Amino acid sequence: AALRPVTFCIALLTSAVFLQQTLGRGIVVIPTGEVGVIETMGTVSTETLNSGVYFLNPLSKVVTYSTRLQDIKETVDTSSKEGLGFNIDVSLQYRLDPQKAGEVFSTLGDEGQQKEIIISRFRSLIRENTARYDLSAIYGEKRPEISQSLAQAMKTQLEPLGFIVEEALLRNVILPENIQNAIQEKVAVEQSNQKKELELIS
C-alpha cells in the first residue's frame, strides 16, 4: 500500500513531462521578417503564418522563409548581337511574396532550391537580352535600357512563381582587352568628329 503513492507520483510526473513536451512542440514562434508554412503529415497548408506566436498541432511542421529583400550577384559569360563574347556583372533584387509562401514551398521546395531556379532563369534572360544589342551599346549608352528590359523579363518569369522583383542591375561589363581598346578608339573617333562638327557650326 505504501508503494501506491510513489507509483502515482511517478505516473503523474511522467504525464506532466509528456504534456510539457507535447505543448512545447505545438508552440511556434515566427520571427520578424519571416513567414511560416505549415506541413502536416505531407500536406501543405495554403495559410501563411506571419510573424508572431502560434499554437499548432504537435504533428505539424513549420517551414520558415525570409520575406526580406534578397540580392543575387552573378558574373555571366554571354555574347552580343555580333556574337562577341564577354563577361557581365549583374545583380537581381527580389523578395518572396508572403501570401504565396505555401505555393512556393509546394512547387519549388526550400530556399536553396528556389535560388537555383531563380539564378538559372536570370542567367538565361541575361544572355537573351545582351544578344539583342551591339557590344558598344552594351558597354555604353544602352546599359540602363538593358537593365530595365531585364527587370521586366524577370518580373514576367518570377511573379507567377511567387516572387516580387524589385530591380535588376548591370554593374560592370568586362571585355577582352583587344575589344575594349577597339571600342575606346571608336568612341574617341566619334567624339572627335562631333567636336569638329561643332567647330564648323560655330
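Which residue of β8 stands opposite L92? The legends below take up this question along with several other close-ups of the predicted model.

**Figure 1. Overview of the predicted chain.** This is a predicted model, and its protein chain holds six helices and eight strands. Following the sequence from its start, you meet the elements in the pattern α-β-β-β-β-β-β-β-α-α-α-α-β-α. The protein chain has 202 residues, and 34% of them count as buried. The views that follow go through the two open sheets, an aromatic pair, some salt bridges and a surface patch.

**Figure 2. The open sheet of β6, β7 and β8.** Here three strands line up in the order β6-β7-β8, and their pairing is antiparallel. The edges are taken by β6 (70–79) and β8, each of which pairs on one side only. On average, neighbouring strands of this sheet are turned by 25 degrees against each other, with direction ignored. Ten bridges connect β7 with β8 in the antiparallel sense. As for the opening question, the residue of β8 that stands opposite L92 is A168.

**Figure 3. An aromatic pair between β7 and β8.** How many aromatic pairs does the rule give? The count comes to two aromatic pairs. One of them joins Y94 and F163 in an edge-to-face arrangement, with 5.8 Å from centre to centre and 80 degrees between the planes. The pair links distant parts of the chain, since Y94 belongs to strand β7 (residues 85–96) and F163 to strand β8 (residues 163–174), 69 residues apart. Are these two residues buried or exposed? Both Y94 and F163 are buried. If you would like to compare ring pairs yourself, the distance of the centres and the angle of the planes are what describe them.

**Figure 4. A salt bridge from β8 to β7.** The side chains of E166 and R95 meet in a salt bridge, 2.9 Å from N to O. Strand β8 carries E166 and strand β7 carries R95, so this contact ties together parts that are 71 residues apart in sequence. E166 counts as partly exposed because its relative accessibility is 40%. R95, at 28% relative accessibility, also counts as partly exposed.

**Figure 5. A salt bridge from helix α3 to β6.** How many salt bridges does a search of the whole structure find? The search finds five salt bridges. One of them brings together the side chains of R123 and E74, with 2.6 Å from N to O. R123 sits in helix α3 (residues 111–130) and E74 in strand β6, so the pair ties together parts that are 49 residues apart in sequence. Why does E74 count as buried? Its relative accessibility is 12%, and buried means under 20%. R123, with a relative accessible area of 35%, is partly exposed.

**Figure 6. S79 in β6 and its approach to D134.** S79 has its place in strand β6. With 29% relative accessibility, S79 counts as partly exposed. Although S79 and D134 are 55 residues apart along the chain, their C-alpha atoms are separated by 9.4 Å.

**Figure 7. The salt bridge of K142 and E145.** The closest N and O atoms of K142 and E145 are 3.2 Å apart, and the two residues form a salt bridge. K142 is partly exposed, with a relative accessible area of 29%. E145 is partly exposed as well, with a relative accessible area of 36%.

**Figure 8. The open sheet of β3, β2 and β5, with its hairpin.** Three strands form this open sheet in the order β3-β2-β5, with antiparallel pairing. β3 and β5 (60–66) each have a single partner strand, so one side of each is left without a neighbour in the sheet. Neighbouring strands here are turned by 25 degrees against each other on average, direction ignored. Strand β2 (residues 34–40) is joined to strand β3 (residues 43–49) by four bridges. Among the bridge partners, T40 goes with T43 of β3, and E39 goes with V44 of β3. Two residues lie between the strands of this hairpin, and M41 takes a positive phi near 50 degrees.

**Figure 9. A nonpolar patch on the surface.** Which residues make the nonpolar surface patch? I27, V29, V53 and F55 make the patch, which covers about 440 Å². β1 (27–30) and β4 (52–55) each supply at least two of its residues. V53, in strand β4, counts as exposed because its relative accessibility is 62%.

Terms used:
Residues numbered from 1 in each chain as written. Predicted model: local features only at pLDDT ≥ 70, side-chain atom pairs only at ≥ 80, totals over all residues. Heavy atoms only, no water. Patch = residues over 30% accessible without salt bridge, like charges linked within 9 Å, V, L, I, M, F, W, Y side chains within 5 Å. Areas by Shrake-Rupley, 256 points an atom, 1.4 Å probe, with all protein chains shown as cover. Salt bridge = Lys/Arg side-chain N within 4 Å of Asp/Glu carboxyl O. Buried < 20%, exposed > 50% of the residue type's maximum accessible area, 1.4 Å probe, protein only. Phe/Tyr/Trp six-rings, centres within 6.5 Å; stacked < 30°, edge-to-face > 60°. Pairing = 2+ DSSP bridges. Axes fitted to C-alpha atoms, helices over the stretch in contact; angles between N-to-C directions.
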